Structure formats: structure tokens, C-alpha cells
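Here are some exercises to work through with the model open beside you. Try each task before you read its solution.

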Amino acid sequence: MKILRSWLEDFIDLGTLREIDALKALLARGGIEMVSWENPDDPVFEIEIYANRPDLLSHYGLAREIGVLAGLPLKKPKFTEGARGEVFPISIESDRCDRYCGLVMRGVIVKPSPDWMQERLRAMGLNPISNIVDATNYVLFEFNHPLHAFDLDRLKERVVVREAKHGEKISLLDGSEKKLTPDDLVVADASRPVALAGVMGGIATAVGPETKDLLLEAAWFLPSSVRRSAKRHGSPTDSSYRFERGADREILPLALSRLSALILKTAGGKIDGGLIDVRRRDAERKNITFRRTSVRRMLGHDVENSEEILTALGATVSGENVTPPSWRFDLSREIDLVEEVARISGYDALGSTLPGLPSPTKDFNWLVSDAARFREMRAKIAGFFTGQGFDQCVTFSFCPPDQGSIKISNPINAEESSLRASLLPSLLRVAQARRDKAGATSICIFEIDKVFFDGPREGYSAAAVLMGNIEERRYDGRPADPASIHHALGLLHGLARLLRVDPKRCGTVVAVEGGFGIELDLLEIFKVWPAHPPQYASLPRFPASTKDLAFWVSGDLAVGNVISAAKSVSLDILEDVELFDLFAKKGDPRKSVGIRIHFRAKDRTLTDEEITAALGRIVDAVAAGCGASLRSK
Amino acid sequence: MNRLPELLREALEQIAKATLPELETIKVTYLGKKSELKELLRGLGKLSADDRPRFGAAVNEAAREIEERINARREHLENSGPAEGFDSTLPGFSRRLGLSHPIVSTIERVCGIFTRLGYGIAEGPDIEDDAHNFTDLNFPPDHPARDAQDTFFLNGGAGGSLLLRTHTSPVQIRIMKERMPPLAIIIPGRTYRADAADATHSPIFHQIEGLVVGENITMADLKGTLNTFARELFGPAFALRFRPSFFPFTEPSAEIDVSCVNCAGEANSGCRVCKGTGWLEVLGAGMVDPDVFEAVCRRRNDRVYDPEKVTGFAFGMGVERIAMLRHGIDDLRLFYENDPRFLAQFA
């Protein structure tokens, strides 16, 4: 919204607020942002207003607000409303129009507006058209009410506000032709629609160079109806913008009075008859009960002059009853009045305290009941990955349509039109970018985030991608360690150990282009993550005895079979069996599997005889179960 | 034979100040084939049968001691500091460093400030319905305030009203449905707006919201809470400015600016970051609108959150924005590219 300072000064003496920085600060205090200004000689500044303050969309409206904020008097406009009359038939046949005022003028001369009017309109970003049209726009920016002028001679018999009929059409001022439906509210004459109510006038009844007689319109149309019509038929206009947000029903006669005065001045002519005022329904003027205690309750302190503030804003205050002014549609509840009191008295007056909270609030997660533990688990997993040297990534939740079953109906583009069910594809893209664009040779990345399934159902996933070398060649000659599936498995097993869950329930390993990935379903793991604090198991009091055995086995034997064969021997002194050596010679169909066996008894130091006997049983079991032959002890 | 003690002493002196390479030479000198000790051993034959065993033992003893000392010295040198044969300019062997992500660490930092004040952390779904995302938060249908939030809609859902949440505020409704007041929660989460990605916009970003509801919560508590938060996050040198604003779900509403991190609030300094205003907008906030409490009462089918009984405040901030201000990052897209040269600067 553009504001011309000199136009503003028609209604208020700014005094020290003529200085732009001072005015900007005052407006900010009141919640109005001055975004920019130009032309220091007669400044035009751009202000940003929130959707709930349509009354500020005009010079008079803003002057009124500045008056309240700065405690300055307003130069109220001097026009009178004029007598009422019935010189032209106007009727309302829809409940979407509450009031329609018309004024007839005759014998005008249509020509360009005077320079001062053209300048002001240009400052608002409009192109001057003719004195009549310009006058309607002028009053719009002055008093915030959209007005319209019809060529009276082109109106057939009368004007009626009604819903459009199916199939009716209208050619609008912008040259477009619109097909109408009963959802559109129109101003019509006896034969056809002549304006899309609140949005734009029709071209057939527009004021042109030959026009002599006018019907001036000031009306009130239902905001939602205007909004829908404007949206349906194109983009908002200056008129629809204001009607959408709420126009002041009470200002109609004043606006027409101002308009006719401007036209008399710039186009001559005479007013014929009085103001035609068709009222279907008066606005409900809400009476709000305003308790002084509410101010203290919400703000934390009393505001002594609450009543004065509300009166200055245009409200009528009588005891605890407050009637807001007709131009404020955002004031309908006590809380709205409290906000006005706070805003005008200044947020600087607010104290600065901390709420007394009796006890900490428990965490909340809509999917799991122990939210704090679920957070803890995710943090543990993230810590595990960063500890392993993996970089944490954050990527978009979108995916191509074939990778996710939840579809977005208005996506940014076709490749990002579903919600992902796996974190791996986007992680893979990050990995590939690091490898291909940045030439990275060692890529270890992970992400923990939500995933989406049919239902719709949300889940949590942790995923990692390994590509290139896990460790690069060291300068002392230690060779590089290229990423392999064993590394991926190692991550899963590491996580399983960290969380004390069964590795098989942890997640999956996949081969990806150029490397490997793993993914874990966090909700599934959370179900089996031990909830109770670990219980102490006493440390062994007696020493262990460690023996190594190596076997030749067939090259295609799964090594796990050797371990499980060894473990299958029922020995209460067998503490653990682990793989410590794996070796295959080129061309040899066999491979060597070395296992390290840990023996320990809880109550004694083991004897050599016991160990030897146990080893013997293990060798037999492995030989039998795996077709293995012992290499050496 | 009388030479033996002196020989031993010489050897030990040499060893004590030898460097690693010198130790090899010493070994050869004193223990090698052509060494004096070996000579002495060969000369044993000339001795009497009585003396032979005694001197033989002494020579062997000496040889053993020299060897032990050499080994000890070598071990010492291999394990000790710079002055003794270690090249300190060589890079150390280190493992790869896993980098954390500034979005995650910013969320952790902000949540940490509030959990210390007794807030709980609340999380809700990314997929929401119209009621939770708009209607219950006092966005009436057909109202221009909804246009400011371009929404991603999803196919399906009851009556086709599913969408991707445009803010984290729906979680306020969810938690008030489940819990009794008083409560204080902080809500981190991913949010979605149908904006094309550029330096300051992204279709996907993160917010952190706060909500405190109780019997005597006032706007002064809101101001005090945010002042405390700003002091902890930005530091005591930064000031906050509260300005009236409008959100459908708060009344009174405010926008909060922090003094510019770049030019320290010197207005009109031509600072690119704050465009010369001296202030940067960081938070939106306000007192919970009574209509929101009424919506909660309808959901709960009770009057526990009757706006005559309780009041509350809420505030919200953009995570990427906060991170961009704290670290001087100028392009939002960098957070989602995950370039290690970017991550490493903030890890």
C-alpha cells in the first residue's frame, strides 16, 4: 500500500513526524511496517499491513491511526451527507449485499483530470484515465471505499444487485469476457449484468468520452462472495482486495459525497435528486463486555487509560460496554480490545518475567508413549554414526512418484511429487554428488528422519551410505580400506551391540551404485530396545584361557558354520568363540578359518587337562559339522 | 681381563647418549664378531682351567648387560618425546571426523535452552489435516490469511483434506488434547510450504515453536522468556525489540527482532544483512487466542482449557533463519546440499 505524505497531511498535522525515520518508528510501534520510501521532496512510502486491518488501506485510515498512536488530532473531512432521494430505481435481491447507495449526476464533461489529481494517482501506481474514473480511484485511496461510476444512459431502467444466472456473461473493463454462475454476485440492470459486484465494472456501461449522465455507486458486498468471484475470474483488484477484508458500511454516504464533490470540481454537472440509500440489513454493532481486569490478566500490568485508548480508536465506551467503530472488523471480542490497549500503550510497557512452572513437562511424541526414550535412542544412534566418522545429512522428504506411495497433488515438480519411504535414494544422491562433482574418494554419510507409508503412516528411519574408501592410504604406507559389504554389516552389528538388540532385527544392508547402504526402522528397534536399566553381572573372578584353532574348510563353506559348530558343543566353560583369521590362497579350493576360543570357569582356574579335553571335543564337532580338517594348534 | 670393567663402562656410557641409528653401530662395535668382547672370549683358551669358567661367566655377563641396555635404550627412544629422535612435523594418525549438521545442532541448542527451563520436547506428524493445521488455529475458511501460507495438499484422506503441515503449530492442539495444564513445551519439526527454492526460501524447512499454558501466564512472561532465550542463544550484547503483529492463533501478537548480528544495530549503516535497519526479525509470538482454547475444549469435550481459566503464550522461529543469522550463512539451499566443506565450518 503506497502512501503519499502530502495526501496524509490533508487529514493530520504530522509535526515532528514529517521526518521519515520518526514516522517509521511510530508506525512500527503500532504494528505497521514502513517497507520503503522514495522521493524525499514529497515522500511516497510503502507500508505493510496485516490482513486484519483493512481500515488502514487509505490515507484517511492511516491518518486516523497515526492520530491515535501519536495523540494527534485528526482534520475530519467537512463533507455533509446530503438529503436522501429516490430518483433512480435500485433494489437488492441477494443476501450478499447489505447496503447499496447511488447518486445520480447529470451533464458532466468527461476529460482528463487536473494535474494535482493525476500526480496523486500516479504516486499510487495508477494511470490516470478520465476525470470521472480517476475520481472514483481517488476516493478509494483516500477513504478506502471502492466506488464505481456507470454511464446512466446505458443502464436499462433500473439497477438490481442479484446472483448471476447460469449462462450469463459479462465483458469487463479489462477487456475480458467472463462466464457467470449463481455463485457470482452481480450488479445488473433490467436486461443484463453490468458489473461483477465488488470486483470490476462492465465495459458496456463504462464511462466514456461521450458520457453525460452518471450513476455513482457505493455499496457493501459480502467479503467471501467478492473473494471467490475475484479468484475465480482472475486476480484481485484494488476493489476486491478491500471488499474481501471488510469495508466500512457506514462510510458509503460520505464517500459518495466526496466523489460527487470531486466530480463537480473536475467535470462540472449537477447532482440530480438525493442519495439513494437501499439498506437490506444493518451491520450488527457488537457490544463487547470489556473488563478492566482482563488487561492485567493478559499483560501482567494495568493500563490506566484503557478507556481513553479505546475511545480514541473510535469506539463508544459506556461502563463495561464497548462498541467498536464500524471500520474495525477485527474487534469483536474482549481479547481484541485488550490487544488494542496493549498495542497503543506500547509493548515497551510490558514487564519481563519468567512463568513459574511447578514441575518440568514430560516430552511428547504422537507415535510413541515414551517420547523421551525415543529421543534418547535417536541421539544415541546419531552419536554412533558421527563417532564412526559419518557426516550427518539433512535432505528433502520428496521423491519421484515411483519411490513413495503418498502423493502430493500440487508438487513443485514431477520429480518431487511423492513423500519418501526410504532415506537411501536422497543419501545416495548426496554421495554421488560428493564423488562426481567434488571428486571425493571417501564418502560416509548418514541421515535420521521420517519416512512415509500408505495409510498415511509415518515412521522414522536411520540410513547410511558408504562409498569409496572407509580409510584412505596413510602416508606411512598403510593401504586404503575400500568400502565393502563387511563394513556395512559391521555398522549394523555395532549398532546392535550399542543398543543391545538382536542384529537381525536391526536393519538391512543393500548394494547401491558405487557403494553400500544400510537402513534401520527406528520404530521397530524402539520396540525391542531394552527398557529397563541394565543389571550388573559380577565380573569373572577367575582367569580365562585362550586357545586358537585353525581349520581347512571348503572354499564355499559359510564361515559362520564353523563358529556355530564350535559353540554347539555343550561346555559350561566355553565363554566365547570368535573368528580371528581367514585366509584363502589363490588356486586353492580350500580356505583356512582360524577361531579363537575363550574358556573360563566361574568357580576355579581351569586345568590343562580340562582345556585339552574341551579342545578335543570342539575339534571333533567342527570336523564333523563342517567337513573341516585341523591345521595346527 | 682387566679391560672388562672399563669396556663395560664405556659401552654403557655410549649407549646412554646414543640416538637410534647410533645404537646399531654400538651393537656391532661391542657385540659383533670383531668386537673386543668376542676377542676376550677367544682369549679364554689361554687362561688356566680354574680361571676359565669365572672369566667366561664375567664376559658373558657383560655381553648380556650391554645387549639389555641397548634394547632398553631403543625402546626408550622409540616411545619418547621430540628431543630424542622423533619428527614432530609429521601429521598424526587420526580417524575420520563425523560432521554434525547445523540444522540438527541448532535445534539441539535451542531445545537445550528450554529444557533447562523445564520445558518438555513435543513432536507431531508432518502429514496433518486441515482442522489441525488451520481451522483449530483460528484460520477461518476462505480467509486471506490462509493465502500467506502456500500449502502442499495430499491426495486422499477423509474428504481430501490432508496436507503437509505449513507450521509446527498443529502440535499445540495435539498436546493440549492429551495433557492437562500447566504445561511448557518446545516443538521442533519439519515444515512445508509450496515455495520454489531460492536463497531465502525452501519448500522444506524447520521450525521450533514453544507453548506455555497455565493459570497465570501473562504477556510479561512471554517477553521475559524470549529475553532469556535471546541472551542464551545470541549473547548478552544483543537486544530484542517487540512489535505488534498479527497471527490468527495469537492475540495480542508480536514480532520480535534481534539487534543485527552484523552491524550491531547501528541503523542506516548500509549493512547488507539488516538492510540498514539495525534489526533482524527472528521470532513470531503472542498470547494464545481464546478461540484456539475453545477449539481444544471442543476436541477434549471438556472445559479444562477454558480461556477464562487458563492463559498461555506461544512463539515460533525458523531454524534455518536462526542458523543463517548466527553463522552469517547467505543461502538457504546450502543446508540441503550437505557439502562437507559447508558442514565442517559449523560442526
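**Exercise 1. Find the accessible surface of chain A and the share of it that belongs to carbon and sulfur atoms.**

Step 1: The accessible surface of chain A is about 29100 Å², by the Shrake-Rupley method with a 1.4 Å probe, where for residues only the protein chains shown count as cover.
Step 2: Carbon and sulfur atoms hold 52% of that surface.
Step 3: Before going on, keep in mind that this is a predicted model, in which local features need pLDDT of at least 70 and side-chain atom pairs count only at pLDDT 80 or more, while totals for chains, interfaces and linings use all residues. Residues are numbered from 1 along each chain as its sequence is written, chains are lettered from A and ligands numbered from 1 in the order in which they are written, and side-chain values use heavy atoms, with hydrogens and water left out.

**Exercise 2. Describe the build of chain A: is it spread out or a compact globule?**

Step 1: Count the elements. Chain A has 17 helices and 31 strands; these are DSSP runs, with helices being H or I of at least four residues and strands E of at least two, numbered from the N terminus.
Step 2: Compare the radii. Chain A has a radius of gyration of 41 Å, well over the 26 Å that the globule rule gives for 633 residues, so it is more spread out than a compact globule. The radius is taken over C-alpha atoms, and the rule is 2.2 Å times the number of residues to the power 0.38.
Step 3: Check the box. Along the principal axes, the C-alpha atoms of chain A fill roughly 125 × 60 × 50 Å.
Step 4: Look at burial. Of the 633 residues in chain A, 52% are buried, meaning under 20% relative accessible area (exposed is over 50%, partly exposed in between; 1.4 Å probe, protein chains only).

**Exercise 3. Work out the corresponding values for chain B.**

Step 1: Chain B holds 12 helices and 9 strands.
Step 2: Its radius of gyration is 38 Å, well over the 20 Å from the globule rule for 347 residues, so chain B is more spread out than a compact globule.
Step 3: The C-alpha trace of chain B spans about 120 × 50 × 45 Å along its principal axes.
Step 4: In chain B, 52% of the 347 residues count as buried.
Step 5: The accessible surface of chain B is about 15800 Å², with 50% belonging to carbon and sulfur atoms.

**Exercise 4. Which strands stand at the edges of the open sheet of 8 strands?**

Step 1: Write down the order, β18(A)-β1(B)-β4(B)-β5(B)-β9(B)-β8(B)-β7(B)-β6(B), with mixed pairing. Two strands pair if DSSP finds at least two bridges between them.
Step 2: Read the ends. β18 (364-365) of chain A and β6 (240-247) of chain B each have a single partner strand, so one side of each is left without a neighbour in the sheet.
Step 3: Zoom in on one pair. β8 (residues 279-288) and β9 (residues 311-318) of chain B are antiparallel over 4 bridges, and B:G286 has B:A314 in β9(B) as its bridge partner.

**Exercise 5. Trace the hairpin of β26(A) and β27(A).**

Step 1: The strands, residues 507-512 and 515-521 of chain A, run antiparallel and are joined by 6 bridges.
Step 2: A:T508 stands opposite A:E519 in β27(A).
Step 3: There are 2 residues between the strands, and A:G514 takes a positive phi near 90 degrees.

**Exercise 6. Are A:D134 and B:I113 buried or exposed?**

Step 1: Place A:D134 in helix α5 (residues 131-143) of chain A. With a relative accessible area of 1%, A:D134 is buried.
Step 2: List its contacts (heavy atoms within 4.5 Å). Beyond four places in sequence, A:D134 is in contact with residues including A:S113, A:M117 and A:L121.
Step 3: Place B:I113 in helix α5 (residues 102-115) of chain B. B:I113 has 5% relative accessibility and counts as buried.
Step 4: Leaving out residues up to four places away in sequence, B:I113 touches B:F229, B:E232 and B:L233.
Step 5: Finish with a distance. B:I113 and B:H101 are 12 residues apart along the chain, and their C-alpha atoms are separated by 19 Å.
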